[in-house]
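This report goes through selected helix packing and backbone features of one chain. Please keep the sequence and the 3D view open while reading.

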Amino acid sequence: MRRLVLLSIAGALALAAAIVLFTYLYERPTILRVAVVRGSEDQEIMTAAAQDFVHERETIHLSLVPVDSLAATATALEHGRADLAIVRSDVEMPTNGQTVLIMRKSAGLFLTSSGSGIGSVADLRGKKIGIVHDPMLSHAANLNLLNTTLAQYDIPESAVGTVALSIEQIEKALTNKEVDAVLAFGMPGSDKLSEAVAAVTRASGGKIIFISVPEAEGIAQRSPNYESVEIVRGLFPGIAPQPTKSFHTLGVSTRLVARSTLSDTVVGDLTRILLAARPRIALRVPVAARIVAPETDKGAVLPVHPGAAAYLDDEAESFFDKYSDAFYIGAMILSVFGSAIAALASRVSQMQREGTGEAIRRLLDILREAREADHTSELDLLEREADVILAQSLSAKGSSGPDLGALSLAVDQVRHAIEERRKVLLASPKAVFEPRLIPKI
């Protein structure tokens, strides 16, 4: 019985240790490596996010993996050096990446002066275009956007000249007729795009022309890495806010993507935590306010990670939902296990009680035989048998106090009876000291 008690205690301690270990592993923060372009706004956002997650004791922590370009972030994800990456939809999207959040949407803005003779994209044939260079992005990325736009109007790449410009060079290049139009790239309303618009405005004497891409939606349908972006009226401030009417142009999205094999639970938690932390992060890095949730269409060419989609569609499972079956099964197993132990303990206890009862019955027989013994040798054998019964009963595990008390009382009675009978036989001149056969124990 004592062994069963010890086993039960050991089992309970093991179960408690397993619960503690599970709780520790569940509560321990998950560390995710995120690839970002070194020195970019994305690195600033993710640094602020990582610090916020630690301060708020979130279940997810971020470890930054700085790289040299957006193409390198995709490569880091594909080669397993990162769990997350910030990529641009038109720059080598990783094959194993799925969208978590849209960090921002950027537009390609075609600008020129009223005296250039350019009023539409089709008029760019034979012209020279200055592509405003982004130090955080390769010149080829914006050149691809230009060529994609020109292809919509059957303008071959060779029919248009291009030159890379910095924002500081825009005004001079337009004034000196070094370029006929400018392609600036950035978030609508951002400082960089506003500076480019201001430079073209100065070069054109305030007579700036915004060249729309009305077929942007059609281009996006054919090339899903691009999308149509609306430039709203009055987006750019000034004496006369520009543009004077809203129009559409071609743009791209910068996305936080996760490995497709990353746990749905982890990605769902990351989505929730990032969206909740967005206002705090935006206080330190204003561009973080541009972070938005992606569309969760199941047939999207740039698919959303199932974990993010489940959270955004309010279909994320709670902890109990995910592990309820395990809880029920575990409770059933523990119930069956407990019942089995209880039944076994009851059976063993019953067997022990039966063994003690049998010993007491034999002691009562010895008591009777001692009172009827005719030889002292018989008494010696009976006394020895009583001692053996007592020793065996005391060495048996699990014997209860009442059982041992009854046994001790029976042994005392046997010894008393043997002593009294021995006195009688020794006092009698007819006492015989030859033993007779006594049943074996």
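Two residues are taken to be in contact when heavy atoms of theirs lie within 4.5 Å, and a residue is called buried when its relative accessible area is under 20%. The model described here is predicted.

**Overview**

The chain holds twelve helices and ten strands. Of its 441 residues, 41% are buried. Taking contacts between residues at least 6 apart in sequence, 76% join residues at least 24 apart.

**Helix 5 and its surroundings**

Helix 5 spans residues 167-175. Its buried residues are I170, A173 and L174. These cover an arc of only 90° around the axis, which places them on the same side of helix 5. The spacing fits a general rule: an α-helix has 3.6 residues a turn, so residues three or four places apart point the same way. On the face turned away from the buried side, helix 5 carries the exposed residues E168 and K172.

What do the buried residues of helix 5 pack against? Their partners are strand 5 (128-132), strand 6 (161-165), strand 7 (181-186) and helix 6.

Helix 6 covers residues 191-203, and its axis comes within 8 Å of the axis of helix 5, with a crossing angle of roughly 20°. Helix 5 and helix 6 are therefore roughly parallel to each other, since angles under 35 degrees count as such. Their crossing is right-handed. On the helix 5 side the contact involves I167, I170, E171, L174 and T175, and these meet K192, E195, A196, A199, V200, R202 and A203 of helix 6. Sorted by class, this contact has seven nonpolar, one polar and four charged residues.

**Helix 2 and helix 8**

How do helix 2 (residues 41-55) and helix 8 (residues 264-284) cross? Their axes come within 9 Å and make an angle of roughly 110°. That makes helix 2 roughly perpendicular to helix 8. Helix 2 passes helix 8 in a right-handed crossing. Helix 2 contributes I45, A48, A49, Q51, D52 and F53 to the contact, while helix 8 contributes L270, I273, L274, A277, R280, I281 and R284. The classes here are nine nonpolar, one polar and three charged residues.

A50 also lies in helix 2. Is A50 buried or exposed? A50 counts as buried because its relative accessibility is 13%. Leaving aside residues up to four places away in sequence, A50 touches L62 and L64. The C-alpha atoms of A50 and S63 are 7.2 Å apart, although the two residues are separated by 13 positions in sequence.

**Backbone features**

Positive phi values occur at R57, at D154 and at K177. The table gives the loop residues among them.

| Residue | Phi | Loop | Relative accessibility |
|---|---|---|---|
| R57 | near 55° | between helix 2 and strand 2 (60-67) | 75% |
| D154 | about 55° | between helix 4 (139-151) and strand 6 | 63% |

Both R57 and D154 count as exposed. K177 comes just after helix 5 and has a phi of about 60°.

Which peptide bond is cis? The bond from Q242 to P243 is cis, and its omega is near -10°. P243 sits in the loop between strand 9 (227-231) and strand 10 (247-259).

Key. Residues numbered from 1 in each chain as written. Predicted model: local features only at pLDDT ≥ 70, side-chain atom pairs only at ≥ 80, totals over all residues. Heavy atoms only, no water. Axes fitted to C-alpha atoms, helices over the stretch in contact; angles between N-to-C directions. Helix = DSSP H or I, 4+ residues; strand = E, 2+ residues; numbered from the N terminus. Parallel < 35°, antiparallel > 145°, perpendicular 65-115°, else oblique. Left-handed = near helix turned anticlockwise from the far one by under 90°. Nonpolar A, V, L, I, M, F, W, Y, C, P; charged D, E, K, R; others polar. Buried < 20%, exposed > 50% of the residue type's maximum accessible area, 1.4 Å probe, protein only. Arc of directions from axis to C-beta.
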